[in-house]
Amino acid sequence: MSTRRTFVKWLVALGVLHGMVVCAGFLAPYNPVEQDRKSPYLPPTRLHLADANGHIHVRPFAYSVRLRVRSFDQYEEDTTEPHPVKFFLNGARYRLLGFLPCRMHFFGAEGTRIYLLGTDAYGRDQFSRFLFGGQVSLLAGLLGAGLTLLLGLCVGAVAGYYGGWRDSVLMRFAELFLALPWLYLLLALRAFLPLAVGPLEAFFLIIAVIGGVGWARPARLVRGVVLSARERDFVRAARGFGASNGYLLRRHILPETSSVLLTQAAILIPQYVLAEMTLSFLGLGVPEPAPSWGNLLSSLQQYSVLVSYWWMYLPALIMVPFFLGYLGLASSLQERAEAYKIETSSLGSLT
Amino acid sequence: MRYLLRRLGHAFSLLVGVSILAFLFTALAPGNYFDEMRLNPQIAPATVAAMRAQYGFDRPLLVRYASWLNSVIHGEMGFSFGYNSPVAPLLLMRARNTLLLTITATLLAWAIALPLGVWSAERLGRLPDRLLSWGTAALLVIPDLALALGLLVLAVRSAWFPTGGMASVDFETLTPLNKLRDLALHMILPVTALLLSVLPLLVRHVRAAVADVRNAPFLLAAVGHGIPRRTLLYRYALPAAANPLISLFGFSIGALLSGSLLIEVVMSWPGLGPLLLEAILARDLYLVIGGVLFSTVFLAGGNLLADLLLYWADPRIRTESSAR
Amino acid sequence: MKIEASGSGQNMQPLLKVENLLKRYAKGSLTGAREELLALDGVSFTIFPGTTLAVVGESGSGKSTLASCLACLESPTTGNIWFEGKDIVKLGERARRQVRPQIQLIFQDPASSLNPRWSVLEILVEPLILQRKFKHEEMKQRANFLLVRVGLSPDIVEQLPTELSGGQRQRLAIARALSLEPKLLILDEALSALDCSVQAQIANLLMELQSSLGMTYLFITHDLAMAAYLADEIAVMNRGRIVEQGPAEKILKQPQHETTLRLLAAVPRITRAALPAVEQ
């Protein structure tokens, strides 16, 4: 089964990417909110192998940088002393996986700082902010999608299984949520909630808003699956054995929705990561100084940043593999669903 | 005809539903414009209370909704606290700009996606098709936001066309023809960004839909009759694939409206998006509700158009509605 | 021998007595005009314990609706169903759940009546778990016993239904239905999806089970030949009504109604020639 293998391939790729974000503390050399007012908008640190005297070093190294004379944002390298890149060295304190106190970082240098993606207006390391921001954005996407799917599953199951007035009321309600372009709906929901809140509250608020926006579509899909599963012979047979509604839903009907839910999850998670980014970008999301992918890009709203500091755009490129992973996962799931459909229908005609 | 009337009634009931929902949410929402005002030490509490009473915020929700409906009938749609003016005129101007953007982008997107998708479906699995698939996948995985910002960076660095706004500073002094040219120049960037955000999805769907019907027995029979390929694809395959494509049309309008909101903010196009954002930040509730309703009207309009197309393209719906 | 069995049944209380069953489906939307479909239009019959009644009819004659109503999966619009002297139409959902295990239904397509995600063992013990009839360790034994009873090897317990043949699946479905020791087994076109030789095997299995367990069958089919082979009595249905009813032999030899004639004409010639031999 090649579709299964591509599915696993994408899943592993996504696992690795997410693992990097989960271990942000270890991979990121610095604290994402630590400011260095002396070096705002520092371009990405250059790593060299050959020094000013033409000697080749085995270990890559960096030079420390200083402001060019009579300039306020042009930096130059101080080539007197190379600072080799060190691995597994001690640095800023962090908690690995959120609880293990730790000081070891994957890489760094002594005597200078290595900014792989440059720094922002406050001299914060963009690379560290990208990794830690990924924790916020990806988690918001995951939890938001989870919330949406849970809502969609409940609504769809009730509407499809019980039918009647419950079905019509719930589906009419779903139509209202589909009547708005999703970004307008997202902003509208956000508009009715408090603006100035702490980072943690804002985080959960955003998950609630994002998760509350998209439930209508999965609810419709689940309803369709439940509607057809309810009339399947093995469900009627189980009812004939004296099964209760709860049992039928739990054991026979809801498992039928699993492939739809899985595909929807692969589609929704990246969408919701984007939604969080959009909200944070517009200043309606996780407030500064907490990093998030939207916050990282929001400085690009300033014309001067856009014109002068090109590296502020780099985070947008580095997040592409994440979206690629989810796209691959979703299409392999869709292919598998199609293959399954063909397989079962051919079986049905054989008997 | 009855079919269309029914769809129209449906769209209208959706609008009413959305407005009721919006009002319910405002009632549940913690904090409003006056709460923000109360935090301002320069405004006396009595003034705030007086304003609250003046705008009817001390009355029950149902009364507020009724008076809002009344103002809708009078073409006001409530009152913006921030702009100190009725909402509708504020929105109309901005809505026109948003429509200008989305309609242009919709037309262009479909004008490109249809031939491209058919072209690709015709070469299913061959190199050009595979290249196109890779291209659309690449565009699909770049976030809209990144795409818009990237275009902006590109435009700023190249200085080929204006970046931001809708008109040059000297717009008023230009001749009508140059005015049009100026507008078109300003539209290039946002329209391109919008196009690139929806085009990959459209092309993929058109390709899939055409590929789906390409192997249908009636088409194979038509091949047997010696009908030329071009005629076959555009006169036979495309109409047969029309159904999913027309529902995609409604979807594309929704996607374009959403995309437009973001792109308007990024490229400072004076559409509904920036206004809505501003209204949210200022807690200007009626303006928010108005903006949201306008977007609903657009989407409902798009869906009505899709229904109209479906009515025209699918004989089954025509017979169904005439039978009733 | 079978006729004797049904003859002695006459003195007993009927297992199932159906009176004037009527089922109406309303099809209609909020705006459109209502359309009504009368699936059952005053159906009455009785079945005595240990006998087989065949309900024969063309597709769309209301046979499957009848099966669903009798198995308590749907409620008739009006009419009564007396099961062991108790009217099961008027029961509430909870009480119906008690009755359902006693009336089991075998479906036409065994592939769809078995959950494709479950193993044979899981499928087989599901009714036992639902009825809490056995302890956990006994269940596997019971499952093996049932498999052997219907002529399947106990080795297949770990397999998925998709890995079984059509005949094996239908045997599995019968074993599952038997696990609850039902009093009435409704076979809704249970043989129609199988090919000829398998049909005969399953039919023989059913007859063997009837003679050893004293089962009562309601056999629903469009195949008059198979009905005559299995049943003591035949009821012919057309458009929701029973148009002709009587002992199997009589229906075959002296068909009265045009529906019966039509069904008879549909029986393949070779089988029809073989029929009297089978009956004697």
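This report walks through a predicted model, its confidence, one chain, a helix pair and a chain-to-chain contact.

## Ground rules and confidence

Residues are numbered from 1 along each chain as its sequence is written, while chains are lettered from A and ligands numbered from 1 in the order in which they are written. Since this is a predicted model, local features need pLDDT of at least 70 and side-chain atom pairs count only at pLDDT 80 or more, but totals for chains, interfaces and linings use all residues.

The model scores ipTM 0.82 and pTM 0.83. For chain C, the mean pLDDT (the predictor's confidence in each residue, from 0 to 100) comes out at 80, with 88% of its residues at 70 or more. Among the elements of chain C, strand β8 (residues 216-221) has the highest mean, 90, and helix α1 (residues 2-9) the lowest, 42. Take care with residues 1-10 of chain C: pLDDT stays under 50 there, and the model gives that stretch twelve contacts beyond four places in sequence. A contact here is two residues whose C-beta atoms, placed from the backbone, lie within 7 Å.

## Chain C at a glance

You'll find twelve helices and ten strands in chain C; these are DSSP runs numbered from the N terminus, helices being H or I with at least four residues and strands E with at least two. Of its 280 residues, 42% are buried, meaning that 20 or more other C-beta atoms, placed from the backbone, lie within 10 Å of the residue's own. Looking at contacts in chain C with a separation of 6 or more, 69% join residues 24 or more positions apart.

## Two helices side by side

Helices α7 (residues 166-178) and α8 (residues 196-213) of chain C pack at about 20°, with axes 10 Å apart. The axes are lines fitted to C-alpha atoms over the stretch in contact, and angles run from 0 to 180 degrees between N-to-C directions. That makes α7(C) and α8(C) roughly parallel, the term for angles under 35 degrees.

On the α7(C) side, C:G166, C:G167, C:Q170 and C:R171 make the contact, meeting C:V198, C:Q201, C:I202 and C:L205 of α8(C).

## Where chain A meets chain B

Chain A puts 34 residues into its contact with chain B, which supplies 39. Helix α5(A) gives the largest share of chain A's side, seven residues. This helix, residues 182-191, is mostly covered, with ten of its ten residues buried; among them are A:W182, A:Y184 and A:R190.

Methods
Buried ≥ 20, exposed ≤ 12 C-beta atoms within 10 Å, placed from the backbone. Parallel < 35°, antiparallel > 145°, perpendicular 65-115°, else oblique.
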